[in-house]
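This report describes how the strands and helices of one protein model are arranged, and then turns to the spaces between them.

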Amino acid sequence: MPALRPGVHRPARMIFAVDATASRQPSWDRACQLQTEMFLAAAAHGGLEVQLAYYRGFGEFAATPFIADGALLAKRMAGVACQGGQTQIGKVLQHALGEAAKERLHALVFVGDAVEEAADPLCHLAGQLGVRGTPVFAFQEGHDPQAASTLKQIASLSRGAYAPFGAGSAAALRDLLRAVATYAAGGHGALTRLGSPAARALAAQLPAPAA
């Protein structure tokens, strides 16, 4: 019998999806500056590969390859200018399903301030992600109640979590990104040990780990 080779560790895979419509340029710039926090938080738990996904303009949706370097991801983000258009969250969720079918996708992070699509189709896609084991972490900037309702449902149906943060609150977004990267790379236990208010808020919404 040939000797069995030890399994090769793979970093966790996560999609970082950001609304890049016109009103989002200040938030896009903040996210560009803060995204390195995800790689730093995941480093102690085996690392992270992040795919940037975004929508903007008239039906434009794009996604990068999976990237394991914060500086490179920041460079890719810096080359994107926000453009006016409607939300395309359905495309984000559908794309995540495609990636999850290829290889395990540990988390989908969505950062946005509005939902201009019908809730039912989005919720159906979110439920499919939950079946595949890909939780959606929906982080809403601002206080749009209609968007909040839909994003909470997306998070719940995918077995993920929802959190709002104030417009212009870089610290709040930084803590949320750090917490979700810790979860993606290290699991529920690592998130609980992180101990920050953001980590506690997300952990309280996630299903309890299997015994």
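In this predicted model, strand β2 (residues 48–56) is joined to β3 by 4 bridges, and the two strands run antiparallel. Within that pair, Arg56 has Glu60 of β3 standing opposite. The other pairings described here, those of β1 with β2 and with β4, are in the parallel sense, and the table sets the three pairs side by side.

| Strand pair | Sense | Bridges | Residues that stand opposite |
|---|---|---|---|
| β2 and β3 | antiparallel | 4 bridges | Arg56 and Glu60 |
| β1 and β2 | parallel | 8 bridges | Ile15 and Gln51 |
| β1 and β4 | parallel | 5 bridges | Val18 and Val111 |

Strands of a sheet pair through backbone hydrogen bonds, either parallel or antiparallel. Here 6 strands form an open sheet, whose order is β3-β2-β1-β4-β5-β6 and whose pairing is mixed. Because β3 (60–63) and β6 (161–165) stand at the edges and have a single partner strand each, one side of each is left without a neighbour in the sheet. From one strand to the next, the twist averages 15 degrees.

Strand β1 (12–19) has a neighbour on either side in the strand order, β2 and β4. Of its 8 residues, 8 are buried, so β1 is largely enclosed by the rest of the structure. In a regular strand the side chains alternate between the two faces of the sheet. In β1 both faces are covered, with Ala12, Met14, Phe16 and Val18 buried on one side and Arg13, Ile15, Ala17 and Asp19 buried on the other.

Two helices can be placed against the sheet. Helix α1 (residues 25–34) lies across β1, β2 and β5, and its direction makes an angle of about 155 degrees with β1. Helix α8 (residues 197–205) lies across β5 and β6, running at about 145 degrees to β6. Asp29 belongs to helix α1 and is partly exposed, its relative accessible area being 36%. Although Asp29 and Cys82 are 53 residues apart in sequence, their C-alpha atoms are 9.9 Å apart in space.

The structure also holds 1 cavity of 30 Å³ or more, with a volume of about 40 Å³. Its lining is made up of Ile89, Val92, Leu93, Leu108, Phe110, Val136, Ala138, Leu151 and Ile154. The elements that contribute two or more residues to this lining are α4 (89–102), β4 (107–112), β5 (136–141) and α6 (145–157), and the largest share, 3 residues, comes from α4. By class, the cavity lining has 9 nonpolar residues, with no polar and no charged ones.

The largest pocket has a volume of about 280 Å³. It is lined by 16 residues, and those nearest its centre are Arg104, Gly133, Pro135, Arg159 and Tyr183. Helix α7 (residues 170–194) supplies the largest share of this lining, 5 residues. By class, the pocket lining divides into 7 nonpolar, 7 polar and 2 charged residues, whereas the lining of the largest cavity has no polar and no charged residues.

Conventions
Residues are numbered from 1 along each chain as its sequence is written. This is a predicted model: local features need pLDDT of at least 70, side-chain atom pairs count only at pLDDT 80 or more; totals for chains, interfaces and linings use all residues. Side-chain values use heavy atoms; hydrogens and water are left out. On a 1 Å grid over the protein atoms alone, a cavity is a set of points where a 1.4 Å probe fits but cannot get out, and a pocket is an open set with protein on both sides within 12 Å along at least five of seven lines; lining residues have an atom within 4 Å of a point. Grid points are joined across faces, edges and corners, and a volume is the space filled by probe spheres set on the points. Ala, Val, Leu, Ile, Met, Phe, Trp, Tyr, Cys and Pro count as nonpolar, Asp, Glu, Lys and Arg as charged, and the others, Gly among them, as polar. Two strands pair if DSSP finds at least two bridges between them. Axes are lines fitted to C-alpha atoms, for helices over the stretch in contact, and angles run from 0 to 180 degrees between N-to-C directions. Contact means heavy atoms within 4.5 Å. Buried means under 20% relative accessible area, exposed over 50%, partly exposed in between (1.4 Å probe, protein chains only).
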